[in-house]
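Colleague: Could you take me through one part of this model in close detail? I'd like to follow a single strand and what sits beside it.

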Amino acid sequence: MGKIQTRYGDGSPVELSEDAVRRDLEEGTQDAAQRGNIPVLSKEELQHLFDIFSSPHRFVGVAPGKEVVLSYDGTPIKMSRTQVNVDRLQCLQIYEKLMGADTLELGYPDYSFKPIKSMVTYEQPLLEQVLAVTTAPVFYGAMPNLGLYSQPDGPFPNPSELLPQGKIDEARASYEASVEHAVRDIVYVSSALYESGADAIILDTVGAAGDADFLAALMATEVLREKYPGICVELGMAGEFVLGMHGEMTYNGERLAGMYPQDQVKAAEKAGVTIFGPVVNTNTNQSTPWNVSRAITYMKACCEVATIPIHVNMGMGVGAMTVHDHPPLDVASRASKAMVEICRLDGL
Amino acid sequence: MGDPLGMAITHAIASGMGGMRAAGDLVARMQIARGMKIDQAKQYVADKLKVSVADLTDPIIMNEVREDLKLGVLHPHAGSPKCMEAKFNIARLLDIEINCVNRFKEKAAL
């Protein structure tokens with residue numbers, strides 16, 4: 001019985017027997033199927049995953065012809081975090097010319113629509129310069145980040161303080177008021193950047209503050225699509241499951257709380273989203289085979305019902321990528337290959 | 001999150017279309033402009049470029065095709081169309097609207 005070198009979800013290395021890998025693959029898909037009420041992966045798909053994990057090569061890639069389009073979030077932030085001292089414009093040139101990027105993404109270090117609103121007139125000329133010196137499509141990305149609308153960062157009472165006090169109605173009222181303000185900010189910033197020439201707008205980490213956060217993104221998308229029929233909106237989620245922080249918010253008659261990716265994408269389509277980015281969170285206590293199998297089960301179900309392009313989120317800590325700032329190439333490349341080859345997705 | 005080598009470059013090499021080294025940016029434009037799924041987008045671009053779908057990720061073939069069609073290349077020669085100039089040609093060849101190209105025309109009263 002051979003041994004397979006792989007890793008836990010936090011990136012730490014582990015050696016597993018072939019039986020243990022097969023067991024983790026089966027348990028991962030069963031976990032997703034039970035939670036999401038979706039089908040498990042087939043025997044053939046699990047065997048394909050096993051073959052990927054049992055490959056002795058340190059790096060693997062998709063079969064020729066299976067390549068997909070890549071989009072990004074927080075691109076310039078990744079460069080500045082490593083203290084490579086280039087401006088955001090040069091950062092995007094590096095991604096385009098040196099890193100094989102299919103698309104580019106401009107974003108502000110404080111990656112939320114609310115703080116960008118007050119200085120968007122500084123973002124517009126930078127975006128216009130970026131568009132003049134690059135060829136690939138340029139997205140502008142930021143988060144709805146509803147947390148910034150409650151005290152002490154915003155004007156409304158903090159639901160996280162109200163809920164433990166049993167003030168449910170007050171907490172819900174705060175979320176509802178936050179949605180209204182967030183939609184206004186998202187539309188204001190996105191309109192300015194679209195009118196400066198952006199190829200697309202990314203609403204990223206949507207749902208981080210729960211169902212109200214998701215609703216704000218959907219409503220803002222609706223407004224933007226009505227205002228600019230040709231605009232491309234990519235909506236990327238924060239987690240696999242929409243938290244019911246409000247609990248009763250609905251969109252198009254459907255309750256948002258508790259939605260899994262296969263339901264989230266239908267709400268996104270209804271709002272007019274062009275590209276949807278579903279998320280599955282990585283469990284650090286489980287192996288990468290378990291996480292990959294689980295993530296693919298969710299993403300496959302989402303891709304099967306989607307009529308719009310799907311760019312699965314595979315950044316740090318999501319899509320079975322390890323929760324570590326320096327993802328090991330062995331498991332990162334395996335997760336990438338597995339996700340693309342089994343799900344009929346359109347991008348990452 | 002994640003450092004560029006471990007995240008962006010890993011995905012680009014393992015699963016990406018190669019960006020401007022090949023035709024990744026062009027296929028992406030069809031998802032943006034028309035909401036096309038990946039297979040449809042690849043076929044559309046291949047047809048417009050008069051190449052096979054398999055050629056779209058081949059940097060040797062695509063560099064020549066991009067140079068011939070003036071779509072912008074990684075190492076442009078002096079005088080060869082690049083950046084905004086290339087995007088004018090991409091919009092025309094793919095028969096799509098590119099927001100910044102339209103804005104350029106409007107601002108320059110073209």
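Modeller: Sure, let's begin at one residue pair: A:Val206 stands opposite A:Met237 in strand S6 of chain A. Keep in mind that this is a predicted model. That pair belongs to the pairing of S5(A) with S6(A), the latter covering residues 233-237, and 4 bridges join the two strands, which run parallel. S5(A) also pairs with S4(A), residues 138-142; here too 4 bridges do the joining, and the strands run parallel. For a spot to look at in that pairing, try A:Gly141, whose bridge partner in S5(A) is A:Ile202. As for S5(A) itself, the strand takes in residues 200-206, and 7 of its 7 residues are buried, so it is largely enclosed by the rest of the structure.

While you have the model open, here's a helix pair in chain B to look at as well. H5(B), residues 84-94, packs with H6(B), residues 99-107, at an angle of about 110 degrees, their axes 9 Å apart. That angle falls in the 65 to 115 degree range, which makes H5(B) roughly perpendicular to H6(B). The crossing of these two helices is left-handed. On the H5(B) side you'll find B:Met84, B:Lys87, B:Phe88 and B:Ala91, and they meet B:Cys100, B:Val101 and B:Phe104 of H6(B). Sort the residues of that contact by type and you get 6 nonpolar, no polar and 1 charged.

Notes: Residues are numbered from 1 along each chain as its sequence is written. Chains are lettered from A and ligands numbered from 1 in the order in which they are written. This is a predicted model: local features need pLDDT of at least 70, side-chain atom pairs count only at pLDDT 80 or more; totals for chains, interfaces and linings use all residues. Axes are lines fitted to C-alpha atoms, for helices over the stretch in contact, and angles run from 0 to 180 degrees between N-to-C directions. Angles under 35 degrees count as roughly parallel, over 145 as roughly antiparallel, 65 to 115 as roughly perpendicular and the rest as oblique. A crossing is left-handed if the near helix is turned anticlockwise from the far one by less than a right angle, and right-handed if clockwise. Two residues are in contact if their C-beta atoms, placed from the backbone, lie within 7 Å. Ala, Val, Leu, Ile, Met, Phe, Trp, Tyr, Cys and Pro count as nonpolar, Asp, Glu, Lys and Arg as charged, and the others, Gly among them, as polar. A residue is buried if 20 or more other C-beta atoms lie within 10 Å of its own, exposed if 12 or fewer, and partly exposed in between; C-beta atoms are placed from the backbone. Two strands pair if DSSP finds at least two bridges between them.
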